[in-house]
Amino acid sequence: MGMTDVLIVGAGPTGLVLACDLARRGAAVRIVDRSPAPPHTSRAKGPNPRSLEILDDLGVAEEVLAAGSAPLPMLKYRGRLPVAEADPWADSAPSPDAPYDRGWLIAQWRLEGILRDRLAGYGVRVEPGREVVGLAQGRDGDHGDGHGDGGRVDVTFADGPAGRARYVVGCDGAHSSVRKLLGIGFEGTTAEDQVMVCGDVDLAEGALDRTHWHQWFDEDGAVMLCPIPGTRTGWWFQAGPERDGRGRPLTPTADGFRRLLARHTALPGEDLTRAELLSTYRVNVRMADRFRAGRVFLAGDAAHVHAIAGGLGMNTGIQDAFNLGWKLGLVLAGRADATLLDTYEEERLPVAARTLDLTSERLRATLEAIRRPGGGLDAAITTDTTGLGVGYRWSSLAAARAGPPTAAPHAGDGAPDTPVAGDRAPDAPCVEAATGARTRLHRIFAGPRTTVLGFGPGSAAVLREAAAVYGDAGVRTCRVYGTHEDRTGAEPGAVVDDAGHAAAAYGTEASGGTGPGAVVVVRPDHHVGVLASADDARSVREYLRRLHGVGRSTERSPGMVDAVR
C-alpha cells in the first residue's frame, strides 16, 4: 500500500483548489469524492475578488472570467411590477492595488470543471465513488525527524483497498464524514423558519431580460431569478417555499416552482420548462470546535457553514485551502518545521467566526430590506464581502517589527492604508526592468513561492543574502526600482515602479532614495509576513528561516554562516 502525501476528501471548489496548489508544489496528492460522478451543482454563484486573485495565482482566472459573466444589476418588483433597480457595483472600479473590484457569476459545476482540468494537467484526477468510513492515525516505527514524517493516517473506504497518507484534509462539506469520524463538534443553530427553495430552471426563450437579476419580494413570499452564464435559457431560481396548511415548508417540485412563478411574477407557470437540482436551503450557522486533529484538517463547509447572504461560503473555503496548501507544501518538502501547520487553525478559525457574524448580519439586513418595496439582495453586498480586507494581524506568522510607519488599521472602507504584517499584500502595476513588458506585483507573487521585495538601494544586500541562502528553496527576490533610480546592472526579475503605485501601496515613498529603503516578505498566499527597514536584515533572516528552514547548507557556502545563524 503506497503512501500518499496528502489525501483530500471532497472534490468541490475547496478540495480542488487545495489539490491544485499541492500538486504544483510536487506533493503526491490524491483527491476522492463520494459522488459517483461530478455533481452538477450551481449552489454558489461565483468567486469574490479575493478568490479571483487566488484563481489567478493558480492560472485559471482568465478561463473563469471567460466562462462566466460580470455580476448583473438587480431589478426589483412588488406586486409583479418593477419598482427599483440597483447596481451594487456601479461605483466600483479596479484599482492599482486590487485589479478585481467585483465578484464574478459562474455556475459552480463550471468552476469545478475548470479546476479539475487544471489538476489533470498535473497528472492528478478525482477518484469518484470513494467514501471514507474510517481514519486511524499512527506512527511508522521511526521517530520522525522534526518534520513529522514519522506519522501517517490509515484511511478505510466503503469499498476498495484502504489508503495511507501523511496528512488528510476533509473538504467534504457541511455533513463531513471526516469531521464526524474525528468526533469534532459542529456547534451552532439551524433556523428552521428561515427556508429557501432553490433550483436550476429553464425559462421559455425571451420570457425575461437576461441582463438583470430579477427579484420579486411580496408580503407573502419571494422569487428570485438570475441568468446562468454560458446558457441561453438557464436561470438560478430561489424562492420562499410553498407551505402546507400548518405553515410547514413543502419539498420543492417543478410544479411548485411553476405555482410560485405564477403567483409572484407576471410570467405564466408554463414558461418554466425544466427544473432540476431542486433543494431546500435552511439558514445554518455552525462552526467546528477546531480545524485540526493531529494529521487531519478540516476546510470549507466541513469546518464552517453560514448564511448565504454575501455569497461567502464557497469563497471562505477557497481561501482556507490557499492558507493551508503552502504550509503543507513546505512541511512535506522538509523545509519548515511541522509547527507551521498550527498556524492554519490559528489564522482561519477567527476568520470563519467573523464570517459567521458578518453573513448573519447581512442576512438580517437583507430580510429587513425586502420588507420595503425596492429593497433587495444588494443589502447583502458591502466592502466586507470582497474578501480583500481579510488579514491575520494576530497571527504568530505576523512578525510586527519596526519598519516604515504604518497607518491606522483598515477601517473596512478599502482605503489603501500601508499594510502591516498579516494583511493581504496589495497588488500594483509595474514594468519588467529587463524587457519593459507590463506586469503586476501579484504576477510576481504567483506560483508556490515566498517573495522578498526590496525598495531602495539599501535593500540590495538583504535581497542578495536571501537569494544566496534560499534561492533554490522556494524563495524569489525582486528589486523594485523607482523611476528616478539608476538601473544599470539590474538584477534578473527586477521591476520598475513606473507610476509609483508599488511604493504607495507599501508606504515606502518616504525612503525616496535617501533612507535605507525597505524590504517586504510576502507569504505564498499573498499576505505580508515582514515589512522592515532594509537595515533590519535580522527580521527578514528570522522570518525566512521560520518558513524555509536554514536554507542552503553552510558547508557549501562558508561566507553565509553568520547569515543563517
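Me: Contact here means heavy atoms within 4.5 Å of each other. Leaving out residues up to four places away in sequence, which residues does Leu328 touch?

Reply: First, a heads-up: this is a predicted model, where local features need pLDDT of at least 70, side-chain atom pairs count only at pLDDT 80 or more, and totals for chains, interfaces and linings use all residues. Residues are numbered from 1 along each chain as its sequence is written, and side-chain values use heavy atoms, with hydrogens and water left out. With sequence neighbours up to four places away set aside, the contacts of Leu328 are Val6, Leu22, Tyr167, Val169, Phe297 and Leu341.

Me: Which residues touch the most other members of the largest nonpolar core?

Reply: A nonpolar core is a set of buried Ala, Val, Leu, Ile, Met, Phe, Trp, Tyr and Cys residues joined through side-chain atoms within 4.5 Å. Buried means under 20% relative accessible area, exposed over 50%, and partly exposed in between (1.4 Å probe, protein chains only). In the largest core, with its 112 residues, the ones touching the most other members are Ile8, Leu115, Val169 and Leu328.

Me: Which helix gives this core its largest share?

Reply: Helices (H or I, at least four residues) and strands (E, at least two) are DSSP runs, numbered from the N terminus. The largest share is 10 residues, and they come from residues 313-332, helix α7.

Me: What is the bridge partner of Val169 in β15?

Reply: Two strands pair if DSSP finds at least two bridges between them. Strand β8 (163-170) and β15 (296-298) manage 3 bridges, in the parallel sense. In β15, Val169 is partnered by Phe297.

Me: How many of the residues of β8 are buried?

Reply: β8 has several partners: β1 (3-9) pairs with β8 in the parallel sense over 6 bridges, while β7 (151-157) does so in the antiparallel sense over 3. The strand is mostly covered, and out of its 8 residues the buried count is 6.

Me: Which residue in β8 does Asp154 stand opposite?

Reply: Let's start from β1: Met3 has Arg164 as its bridge partner in β8. Asp154 stands opposite that residue too, so to speak: in β8 it faces Arg164.

Me: Is Gly493 buried or exposed?

Reply: Gly493 lies in the loop between β20 (475-482) and β21 (495-497). Its C-alpha is 9.4 Å from that of Val480, which is 13 residues away in sequence. Because its relative accessibility is 55%, Gly493 counts as exposed.
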